[in-house]
Amino acid sequence: MRRVLTALAAISIAASVLPVAVQAQSGRQRGGGQQQAAGQDEAPRRAIRIAPLSRRANAGPCPYVKILYDAARYVEFEGERAAIANVGYTGEIENLASDCQYRGDEPIRLDMRVLFQFGRGPQAASDQRTYRYWIAVTERNSAILTKEYFDIPVNFAGQRTAAVTEDRTITIPRAEATTNGSNFEVLVGFDVTPEMAEFNRSGSRFRVNAGTTPAPAAAAPTSE
C-alpha cells in the first residue's frame with residue numbers, strides 16, 4: 001500500500017482538454033421557483049442532456065466516479081434567511097459520465113464529462129458569474145490523494161439559466177500492474193462554504209431558476 005500512495009503523488013488532472021460550452025437556457029427552465037425540502041415531491045425532471053463517452057476495453061475496472069452530495073449544489077444567499085427573495089446565484093452538478101483506459105502497468109487515463117446547470121436569482125447583480133468546482137482523487141473510502149480546482153466563467157446572456165458541459169482527463173499512476181481502478185474513487189463538487197454545505201445536507205434546495213417570475217395565467221374568456 002505504501003508503494004501505491006508513493007506513486008499516486010504524481011496524479012495529474014488535465015485542465016485544458018475540450019473548451020467549455022456555455023448555452024443560455026430559456027424554454028427549458030425548471031418550473032416553479034419554490035424551495036424543495038426533504039420529503040416533498042419534485043417537479044418532473046427534464047431529460048438529461050449529456051453525451052455518453054465511448055466505452056473501451058481495459059485491463060480492469062475503472063475508478064468509482066461520484067458527485068459529492070454536500071457539494072452537489074451551489075446556492076448563494078444575500079442575508080441570513082434562506083428565502084427565494086434572497087437568492088443570488090445558484091448551480092447544480094446535474095450529471096456526469098466517465099470512462100477509463102489502462103493496460104499492463106500503464107497509468108489510468110480517466111475521461112470525465114460533467115454537466116452543470118446555473119441560475120440567477122433576484123439578488124444576482126450581474127449577467128456574468130465565475131463559479132468554482134473541484135475534482136479529487138482518493139484511495140477508495142480513505143484519504144484524499146490529490147484535489148484540483150477549476151473555474152467556470154458563465155455568461156447568462158440575459159437569461160435566467162445556463163448549461164455548461166466540461167470535459168476533463170485525469171491521469172492516475174499505478175504502483176504495479178496488479179493495482180486496478182477499483183482502488184480509487186474520484187469525487188466532483190462545487191467549492192462551497194460551510195453554510196452552503198449544511199444547506200445541502202439539510203435536504204432543502206432551490207432550483208437553478210429560483211426567483212424566476214412565473215408567466216401570468218391566461219384570462220378566462222368572457223361572454224358578450
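Is D151 buried, partly exposed or exposed? D151 counts as partly exposed, at 39% relative accessibility. Good morning, colleagues. The structure before you is a predicted model, and I shall go through its salt bridges, its disulfide and two individual residues.

I begin with the partner of D151. The side chains of D151 and R132 meet in a salt bridge, with N and O 2.8 Å apart. This pair links distant parts of the chain, since R132 belongs to strand β8, residues 128-139, while D151 belongs to strand β9, residues 144-155. The two residues are 19 apart in sequence. R132 is likewise partly exposed, at 39% relative accessibility.

How many salt bridges does the structure hold? There are nine. Among them is the one between E185 and K66, where the N to O distance is 3.0 Å. E185 is found in strand β11, which covers residues 184-190, and K66 in strand β4, which covers residues 64-67, so this salt bridge ties together parts that lie 119 residues apart in sequence. The surroundings of the two partners may be stated in turn. E185 is buried, with a relative accessible area of 8%, whereas K66 is partly exposed, with a relative accessible area of 40%.

Another salt bridge joins D127 and R120, and here the closest N and O atoms are 3.7 Å apart. D127 counts as partly exposed at 27% relative accessibility, while R120 counts as buried at 14%.

I turn now to the disulfide. The structure holds one, formed by C62 and C100, whose sulfur atoms are 2.1 Å apart. Why is this disulfide described as left-handed? The torsion about its S-S bond is about -95°, and the disulfide of C62 and C100 is therefore left-handed. As for its place in the chain, C62 lies in the loop between β3 (35-36) and β4, and C100 lies in strand β6, residues 87-101, so the pair ties together parts 38 residues apart in sequence. C62 counts as partly exposed at 22% relative accessibility; C100 counts as buried at 0%.

Two residues remain, and I take I67 before G189. I67 lies in strand β4, the strand that also contains K66. I67 is partly exposed, with a relative accessible area of 29%. Which residues is I67 in contact with, leaving aside its neighbours within four places in sequence? They are A72, I93, N95, L96 and V188. For one of these, L96, I can add a distance: the C-alpha atoms of I67 and L96 are separated by 8.1 Å, and the two residues are 29 apart along the chain.

G189 is placed in strand β11, the strand in which E185 also lies. G189 is buried, with a relative accessible area of 0%. Not counting residues up to four places away in sequence, G189 touches A71, I93, Y133 and W134. I93 thus appears among the contacts of I67 and among those of G189. The C-alpha atoms of G189 and A136 are separated by 8.7 Å, and these residues are 53 apart along the chain.

To close, I return to two pairings. The salt bridge of E185 and K66 connects strand β11 with strand β4, and the disulfide of C62 and C100 connects the loop between β3 and β4 with strand β6. Thank you for your attention.

Technical notes. Residues are numbered from 1 along each chain as its sequence is written. This is a predicted model: local features need pLDDT of at least 70, side-chain atom pairs count only at pLDDT 80 or more; totals for chains, interfaces and linings use all residues. Side-chain values use heavy atoms; hydrogens and water are left out. A salt bridge is a side-chain nitrogen of Lys or Arg within 4 Å of a carboxyl oxygen of Asp or Glu. Helices (H or I, at least four residues) and strands (E, at least two) are DSSP runs, numbered from the N terminus. Buried means under 20% relative accessible area, exposed over 50%, partly exposed in between (1.4 Å probe, protein chains only). Contact means heavy atoms within 4.5 Å. A disulfide is a pair of cysteine sulfur atoms within 2.5 Å.
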